[in-house]
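Colleague: Could you walk me through this one? I would like to begin with the chain as a whole and then turn to a single residue.

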Amino acid sequence: AVHLSANDTHVICGTTGGEVQMHSLAAGQSSVLSLPDKQAVHAVRISPFRKNLLAASSEDGGVHVWDTNTRAMHASFPRQHSATATSLSFSTVNHLLLASGGLDKRILFYDISERKIVKVLPTDSPLTSLLFLEDGITMVAGTSLGRLITYDLRAGSKPVASIRAHEPRPILAMELQHLKALQT
């Protein structure tokens, strides 16, 4: 798992040995955080609101959030997915909200301040990627079967759209092209 910070100053890497490596491109320094159970890391993300919050998902279905300034665990949700937690996405409008997708066909929503799950969204397929859109109410999930499923989080658990992106291969990653960048 690899993630580049929004300002391109850090590269975050998750390893099969349960480590999250943070590489500062500007300072040329690296540091390492370890998952509690040393499970393989499948996704890493930095909060768009609090740049010191780093989340990682793991092989055993866990999701963990660190404060990189103190290197302390901010919140931990061990084994919340019954299969591998494959993907993470921080909300684009709510600084407290983190979502994870898993091979257990569920999207879990976490309040990282209160350290609790606030919503569970069942899906029809194992999930391999996840992305909040800019509006903060639309979420796109990529599946192991190559479909993109769109949810309006105000409308309950039924998808509002589903398209074949590249069946039968999994959607392993998605990125958002910001509307402002398209208009310039």
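Here are a few questions and answers on this predicted model.

Colleague: Happy to start broad: how many helices and strands does the protein chain have?

Modeller: Bear in mind that this is a predicted model. Counting along the protein chain gives 1 helix and 16 strands.

Colleague: And what is the radius of gyration of the protein chain?

Modeller: The C-alpha atoms fill a box of roughly 45 × 45 × 35 Å along the principal axes. For 184 residues the globule rule gives 16 Å, and the chain comes close to that, so it is as compact as a globular protein of that length. Its radius of gyration is 16 Å.

Colleague: How far apart do the centres of the positive and negative side chains lie?

Modeller: There are 17 positive and 15 negative side chains in the protein chain. The centres of these two sets are separated by 3 Å.

Colleague: Now to Ile171: is it buried or exposed?

Modeller: Ile171 sits in the loop between strand 16 (161–164) and helix 1 (179–183). Beyond its sequence neighbours up to four places away, it touches residues including Thr128, Gly142, Leu148 and His166. Its relative accessible area is 5%, and the cut-off is under 20%, so Ile171 is buried.

Colleague: Good to know! How far apart in space are Ile171 and Ile137?

Modeller: In sequence, Ile171 and Ile137 are 34 residues apart. Taken C-alpha to C-alpha, their separation in space is 21 Å.

Colleague: Lastly, what share of the residues of the protein chain count as buried?

Modeller: The protein chain exposes about 9,300 Å², with carbon and sulfur atoms supplying 52% of it. Of its 184 residues, the share that count as buried is 45%.

Methods
Residues are numbered from 1 along each chain as its sequence is written. This is a predicted model: local features need pLDDT of at least 70, side-chain atom pairs count only at pLDDT 80 or more; totals for chains, interfaces and linings use all residues. Side-chain values use heavy atoms; hydrogens and water are left out. Helices (H or I, at least four residues) and strands (E, at least two) are DSSP runs, numbered from the N terminus. Buried means under 20% relative accessible area, exposed over 50%, partly exposed in between (1.4 Å probe, protein chains only). Contact means heavy atoms within 4.5 Å. The radius of gyration is taken over C-alpha atoms; the globule rule is 2.2 Å times the number of residues to the power 0.38. Accessible areas come from the Shrake-Rupley method with a 1.4 Å probe; for residues, only the protein chains shown count as cover. Lys and Arg count as positive and Asp and Glu as negative; His and the chain ends are not counted. The place of a charge is taken as NZ of Lys, CZ of Arg, CG of Asp or CD of Glu.
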